[in-house]
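This report describes the fold, strand pairing and nonpolar cores of a single chain. The sequence and the structure are shown first.

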Amino acid sequence: MRAQTDRTVSFQQVFQNPEAYKGKVVIWGGEIIEAINQKDGTTLIVVLQRPLDWMEEPKFQRSEGRFIVRAEGYVDPDVFKRGRRITLAGEVLGKKVMRLGELEYPYPLLQSKQLYLWGEYYYSPYPYPYSPWGYYGYYGRRWS
């Protein structure tokens, strides 16, 4: 898919004028906001855009907006859940206006060509491998 993408097209350009970039294939990523299964057998995945690093993984940096990916078939909303990071290659279809709070928000709409869900992060409150009681644990060295 990388060979088919147009790297000169930025998210901000498509966001400003999606109709001008119809048919272009782009690679974008971000955090899933929600997955909405449709009656026609497709799924709309609403994504909060994030910039990608050199491995095409979404970075935890400021977003430039939101976009929607239309995927063929149903996806499980518990797998494609809020906060999961996603990278995708997709063809720009135009825009889809949907409600965002009380605002009518013009989302850039992509047809999914390839999706990749990144692993979930687990945050440990203690730096590995030590517990809050130190290297030897609660009972100290004599019990180790």
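The sections below take the chain as a whole, then its strands, then its cores.

## Overall content

The model is predicted. Its chain holds one helix and five strands, and from the N terminus on these elements run α-β-β-β-β-β.

Of the 144 residues, 37% count as buried. The chain exposes about 9,500 Å², of which carbon and sulfur atoms supply 51%. Among contacts between residues at least 6 apart in sequence, 59% join residues at least 24 apart.

## Strand pairing around β2

β2 takes part in two antiparallel pairings: with β1 over eight bridges, and with β3 over seven bridges. On the β1 side, Gly 30 has Gln 49 of β2 as its bridge partner. On the β3 side, Val 46 stands opposite Ile 68.

β1 and β2 form a hairpin with four residues between the strands. In this hairpin Gly 41 takes a positive phi near 90°.

Is β2 largely enclosed or open to the outside? Eight of its nine residues are buried, so β2 is largely enclosed by the rest of the structure. Buried here means under 20% relative accessible area.

## The largest nonpolar core

In soluble globular proteins, nonpolar side chains tend to be buried together. In this model, the largest nonpolar core has 19 residues. The members that touch the most others are Trp 28, Ile 45, Phe 67, Phe 80 and Leu 110.

Two or more residues of this core come from each of α1 (11–16), β1 (25–37), β2 (42–50), β3 (66–72) and β4 (85–100). The largest share, four residues, is that of β1.

## Surroundings of Trp 28

Which residues does Trp 28 touch, leaving aside those up to four places away in sequence? Its contacts are Ser 10, Phe 11, Val 14, Leu 52, Phe 67, Ile 86, Thr 87, Leu 88, Pro 108 and Leu 110. Two of these, Phe 67 and Leu 110, are also named with Trp 28 among the residues of the largest core that touch the most other members.

## A separate core

Apart from the largest core lies another, made of eight residues. Leu 44, Ile 68, Met 98 and Leu 109 are among them. Ile 68 thus appears twice in this account: as a member of the eight-residue core, and as the β3 residue that Val 46 stands opposite.

Note on methods. Residues are numbered from 1 along each chain as its sequence is written. This is a predicted model: local features need pLDDT of at least 70, side-chain atom pairs count only at pLDDT 80 or more; totals for chains, interfaces and linings use all residues. Side-chain values use heavy atoms; hydrogens and water are left out. A nonpolar core is a set of buried Ala, Val, Leu, Ile, Met, Phe, Trp, Tyr and Cys residues joined through side-chain atoms within 4.5 Å. Buried means under 20% relative accessible area, exposed over 50%, partly exposed in between (1.4 Å probe, protein chains only). Contact means heavy atoms within 4.5 Å. Accessible areas come from the Shrake-Rupley method with a 1.4 Å probe; for residues, only the protein chains shown count as cover. Two strands pair if DSSP finds at least two bridges between them.
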